[in-house]
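Me: I'm new to this one, so please pick a single part and look at it closely. After that, walk me through the surroundings and a few other spots, in plain words.

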Amino acid sequence: MSIIAVVGGTGFLGRYVVAALEEAGYEPRVLSRRTGFNALRPDPEALRGVDAVVNLAGIKREAGNQTFEAVHVELVQQLVDAMKTAGVRRLVHISVVVARPDPALPYHDTKWRGEQIVRQSGLDWTILRPGVIYGEGDDMLAHLTLMIRTASIFPIVGDGSSPMRPVDVPDVARAVTAALEKPSSGNTYDIVGPDRLTLREVVSLVARAMGLPLSI
């Protein structure tokens with residue numbers, strides 16, 4: 001395969017995925033709102049001639065018509081339909097490790113329902129489920145460092161013992177290229193870091209790396 005359409009290729013993870021694809025010898029075709037691609041109404045013509053699609057589209061908070069339902073469910077179905085119209089069979093779909101059926105948690109629930117659409121699509125699919133992704137330009141470290149610089153007391157809901165498996169963003173990008181290169185069709189993979197950390201431990205690690213005193 002040579003030409004890979006990357007839906008959401010201008011976002012935080014998308015920039016790393018595009019770079020990883022280029023390094024591996026692929027030709028990425030970046031599709032996002034910034035490049036004129038309407039992911040909520042994907043045009044099959046934008047997918048003509050590509051060998052595979054990587055779907056990175058996802059949101060962490062809702063805004064206007066960018067709802068969890070629209071981006072994580074409706075978009076996935078429309079993208080699957082557009083791929084079939086364009087004659088594209090291979091799909092690498094990026095979900096999230098916390099995806100599960102639970103209507104009380106719309107983010108988790110819609111991610112799970114999007115996965116189900118992919119599994120039932122009849123396409124040649126692979127699902128990757130990253131944990132919390134960190135790296136230059138991310139949300140997590142940017143927010144943590146800002147809060148730590150602002151005050152020496154860090155508020156955490158509960159006791160901060162919720163487990164996390166943070167994963168470095170280049171590792172997630174390399175997982176995408178691996179899914180294209182290795183036999184992975186019809187499989188779902190959790191992409192997480194090697195260390196099992198609590199939220200409290202993550203905050204403490206960041207504060208120590210910054211050399212700032214902190215009380216949680």
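**A close look at α4**

Reply: Start on the outside: the side of α4 that faces away from its buried residues carries Leu146, Arg149 and Thr150, which are exposed (buried is under 20% relative accessible area, exposed over 50%, partly exposed in between, with a 1.4 Å probe and protein chains only). Keep in mind that this is a predicted model, where local features need pLDDT of at least 70, side-chain atom pairs need 80 or more, and totals for chains, interfaces and linings use all residues. Numbering runs from 1 along each chain, and side-chain values use heavy atoms, without hydrogens or water.

Now turn α4 around. This helix spans residues 140-150, and its buried residues are Met140, Leu144, Thr145 and Ile148. Because they cover an arc of only 115 degrees around the axis, they sit on the same side of α4 (the arc is taken from directions between helix axis and C-beta atoms). What lies over them? The cover includes β6 (133-134), β7 (163-164) and α6 (199-210). These labels are DSSP runs numbered from the N terminus: helices are H or I with at least four residues, strands E with at least two.

Of those covering pieces, α6 deserves a longer stop. The axes of α4 and α6 are 10 Å apart, and the two helices pack at an angle of about 65 degrees. Axes here are lines fitted to C-alpha atoms, for helices over the stretch in contact, with angles from 0 to 180 degrees between N-to-C directions. That angle is why α4 and α6 count as roughly perpendicular to each other (65 to 115; under 35 is roughly parallel, over 145 roughly antiparallel, the rest oblique). On the α4 side, the residues that meet α6 are Leu141, Leu144, Thr145, Ile148 and Arg149, and their partners in α6 are Val202, Val203, Val206, Ala207 and Met210. Contact means heavy atoms within 4.5 Å. So you'll recognise some names: Leu144, Thr145 and Ile148 are listed as buried residues of α4, while Arg149 turned up on the exposed face.

With that pair in mind, try another. Helix α2 (residues 68-86) packs with helix α3 (residues 106-119) at about 5 degrees, with the axes 8 Å apart, so α2 and α3 are roughly parallel to each other. From α2 come Phe68, Glu69, His72, Val73, Val76, Gln77 and Val80, and from α3 Pro106, Tyr107, Thr110, Lys111, Arg113, Gly114, Ile117 and Val118.

There's also a pair at a slant. Helix α1 (residues 12-23) and helix α5 (residues 169-181) have axes that come within 8 Å and cross at roughly 50 degrees, which makes α1 oblique to α5. Their contact includes Phe12, Tyr16 and Leu21 from α1, and Val169, Thr177 and Leu180 from α5.

Two residues in strands round this off. Leu31 belongs to strand β2 (residues 27-31) and is buried, at 7% relative accessible area. Beyond its neighbours within four places in sequence, Leu31 is in contact with Ala5, Val6, Val7, Gly8, Gly9, Phe37, Ala46 and Leu47. Between the C-alpha atoms of Leu31 and Trp112 there are 23 Å, and the two are 81 residues apart along the chain.

Trp112 is one of the residues touched by Arg129. That arginine, Arg129, sits in strand β5 (residues 124-130) and is buried too, with a relative accessible area of 11%. Not counting residues up to four places away in sequence, Arg129 also touches others, among them Ser95, Glu115, Tyr189 and Asp190.
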